[in-house]
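Student: I have just opened this model and would like a friendly tour. Where shall we begin?

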Amino acid sequence: MTQSRSILPLPIRRGIKALLYPLYERRLVRALDFSQTPHHVGVILDGNRRWAKANPDQMGITSAARGHRAGAEKIVEFLGWCEEAQVRIVTIWLLSTDNFKRSAEELHTLLTIIGETVDGLKATGRWNIKPVGSLELLPDWLQEKLRPTKSANPDAIEVNVAIGYGGRREIVDAVKCYLKDASEKGASIETAAEKLSADEIANFLYTAGQPDPELVIRTSGEQRLGGFLLWQSAHSEFYFCEAYWPDFRRVDFLRALRAYSMRHRRFGA
């Protein structure tokens, strides 16, 4: 006869975890070698809508807007963790070109939340904010908000907010800009084609002048890039986390850094 095991009630289990996580975090921090911290981290903030469905509020509301707002609130906290870990550049994907296929109502709500998010990031004065993407796809009022902002702090993190972003479109735009630049300098199409190289294309990417990301994190359990930083992530390490973005914790970030520090980077070799 098997003996049944008692299962602690969910509130008690959560309470135990809440007590243990700070200890676990400190253990992770002590084990990390911050000299191995990636300089540039890219983040795919995935799972906002699924988080909302899984976590209805007291009124039973599970709207996508609620999930997007919860995800937006996580960004400032996440950037604080990056500061602590001495990350220098963070690229966060707020809106893809595919998102424009969503309903007009959801898209309008999402754009409104993105505008509020960018305003909030700028208001802190803590970071250098650089919008990247096909900004011409966005409404005029949002384009007006998306002007690069410099922090007074000389050591401020560079934050790329990828809005209206698609990796394939970025590469196409880069090639177009390269050809336009060559034409303005009087080069023929044959000469431009002959001089075209990976380095030349990199000079016209949205992230031109910045190092490529060493680490790309995606939340929600999905294990694909979905077009994020296609060119720049050629030699990146990837870390996929099961948590939805609004549930992403500092301990999850530390685990990602630990996983990165333990990998032997081969750069395609």
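Tutor: Let's start with a definition: two strands count as paired if DSSP finds at least two bridges between them. Please keep in mind that this is a predicted model.

Student: Which residue in β4 stands opposite V132?

Tutor: Strand β3 covers 128-132, and β4 covers residues 158-165. Five bridges join these two strands, which run parallel. Across from V132, in β4, stands A162.

Student: Which strands stand at the edges of the sheet?

Tutor: Six strands form an open sheet with parallel pairing, in the order β3-β4-β2-β1-β5-β6. The strands at the edges each have a single partner, so one side of each is left without a neighbour in the sheet. They are β3 and β6.

Student: At about what angle does helix α4 run to β2?

Tutor: Helix α4 takes in residues 104-124. It lies across β2, β3 and β4. Its angle to β2 is about 160°.

Student: What kind of aromatic pair do F78 and F253 form?

Tutor: F78 lies in helix α3 and F253 in helix α9, so their pair ties together parts that are 175 residues apart in sequence. The ring centres are 5.2 Å apart, with 75° between the planes. Planes over 60 degrees apart count as edge-to-face, so with its 75° this pair is edge-to-face.

Student: Is W81 buried or exposed, and how are the rings of W81 and F253 arranged?

Tutor: Like F253, W81 is buried. The two ring centres lie 6.4 Å apart and the planes meet at 25°, so the pair is stacked.

Key
Residues are numbered from 1 along each chain as its sequence is written. This is a predicted model: local features need pLDDT of at least 70, side-chain atom pairs count only at pLDDT 80 or more; totals for chains, interfaces and linings use all residues. Side-chain values use heavy atoms; hydrogens and water are left out. Rings of Phe, Tyr and Trp (its six-membered ring) pair if their centres lie within 6.5 Å; planes under 30 degrees apart count as stacked, over 60 as edge-to-face and the rest as tilted. Helices (H or I, at least four residues) and strands (E, at least two) are DSSP runs, numbered from the N terminus. Buried means under 20% relative accessible area, exposed over 50%, partly exposed in between (1.4 Å probe, protein chains only). Contact means heavy atoms within 4.5 Å. Axes are lines fitted to C-alpha atoms, for helices over the stretch in contact, and angles run from 0 to 180 degrees between N-to-C directions.
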